[in-house]
Amino acid sequence: MTKRIMVVDDNAVSRGKVEQALIDAGLTVMTAENGMQALLLAKNEAIDGVVTDQVMPMMDGAHLTRMLREIPAYKRIPIILLTTENGQAFMEELDDCGVPVWLEKPLTEQKLALIAAEMLHPSVATKTKAA
């Protein structure tokens, strides 16, 4: 049985790039356009991992992560946050929300490969900024 990954991004191009990289890696992908839609989908359909943008309307990626971590089935699933943000306060927010891995946008082929690898073989490592 293949893993089912949710890709959340309000930008259709970014969402499509991540979706295709995960499909190419042999994963099943479902998509959402914002955190609120993603949370509703996750409550109704089982997922094995999440790749989410940070800045989105209705609910950002950090808040989505916090809400997912409150659901027992999603306490330990891999979640990757994609962002253009940085800084100490932002890193502390990610830590508080339970985001173990984050990648800076823009997405490159290398970063897309890292996303696919993390979804296939989640690390047990603590919060990591992937290069």
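This is a short selection-by-selection tour of a predicted model.

**The whole chain**

Start with everything shown as cartoon. Count 5 helices and 6 strands. Trace them from the N terminus and the order reads β-α-β-α-β-α-β-α-β-α-β. The radius of gyration is 13 Å, close to the 14 Å that the globule rule gives for 131 residues, so the chain is as compact as a globular protein of that length. Along the principal axes, the C-alpha atoms fill a box of roughly 40 × 30 × 30 Å.

Now turn on the surface. Its accessible area comes to about 6800 Å². Carbon and sulfur atoms account for 54% of that area. Buried residues make up 45% of the 131 in the chain. Among contacts with a separation of 6 or more, 65% join residues 24 or more positions apart.

**The largest nonpolar core**

Hide the surface. Select Val18, Leu22, Val51, Ile80, Leu82, Ile115 and Met119 as sticks. These belong to the largest nonpolar core, which has 17 residues, and they touch the most other members. Next, colour the elements that supply at least two core residues each: β1 (4-8), α1 (12-24), β4 (79-83), β5 (101-104) and α5 (109-120). Which element gives the most to this core? It is α5, with 4 residues.

Centre on Leu82. Leave aside its neighbours within four places in sequence. Its contacts then include the core residues Val18, Val51 and Ile115. Leu82 also touches Thr52, Asp53, Gln54, Leu103, Lys105 and Leu107.

**A second core, and Met30**

Apart from that core lies another, of 16 residues. Select Met30, Val50, Leu64 and Leu68, which are among its members.

Zoom in on Met30, in strand β2 (residues 28-32). Is Met30 buried or exposed? Its relative accessible area is 9%, so Met30 counts as buried, the limit being under 20%. Add Arg4, Ile5, Met6 and Val7, all in contact with Met30. Leu41, Glu45 and Ile47 touch Met30 too. For a distance check, pick the C-alpha atoms of Met30 and Arg4. They are separated by 7.3 Å, although the two residues are 26 apart along the chain.

**Thr65**

Move to helix α3 (residues 61-69) and select Thr65. Its relative accessibility is 0%, so Thr65 counts as buried. What does Thr65 touch, not counting residues up to four places away in sequence? Show Thr52, Ile79, Cys97, Gly98 and Val99. Thr52 is a shared stop: Leu82 is in contact with Thr52 as well.

**A nonpolar patch outside**

Bring the surface back. Colour Met36, Leu40 and Met58. Together they form a nonpolar patch on the surface, with about 330 Å² of accessible area. Leu40 sits in helix α2 (residues 35-44).

Met58 lies in the loop between β3 (49-53) and α3. With a relative accessible area of 68%, Met58 is exposed. Check the backbone here. Phi of Met58 is near 75°, a positive value in a residue other than glycine.

**The cis peptide**

For the last stop, select Lys105 and Pro106. The peptide bond from Lys105 to Pro106 is cis, with omega near 10°. Pro106 lies in the loop between β5 and α5. Look back at Leu82 from here: Lys105 is among its contacts.

Technical notes: Residues are numbered from 1 along each chain as its sequence is written. This is a predicted model: local features need pLDDT of at least 70, side-chain atom pairs count only at pLDDT 80 or more; totals for chains, interfaces and linings use all residues. Side-chain values use heavy atoms; hydrogens and water are left out. Buried means under 20% relative accessible area, exposed over 50%, partly exposed in between (1.4 Å probe, protein chains only). Contact means heavy atoms within 4.5 Å. Patches are made of residues with over 30% relative accessible area and no salt bridge: like charges are joined within 9 Å, nonpolar side chains (Val, Leu, Ile, Met, Phe, Trp, Tyr) within 5 Å. Accessible areas come from the Shrake-Rupley method with a 1.4 Å probe; for residues, only the protein chains shown count as cover. A salt bridge is a side-chain nitrogen of Lys or Arg within 4 Å of a carboxyl oxygen of Asp or Glu. A nonpolar core is a set of buried Ala, Val, Leu, Ile, Met, Phe, Trp, Tyr and Cys residues joined through side-chain atoms within 4.5 Å. The radius of gyration is taken over C-alpha atoms; the globule rule is 2.2 Å times the number of residues to the power 0.38.
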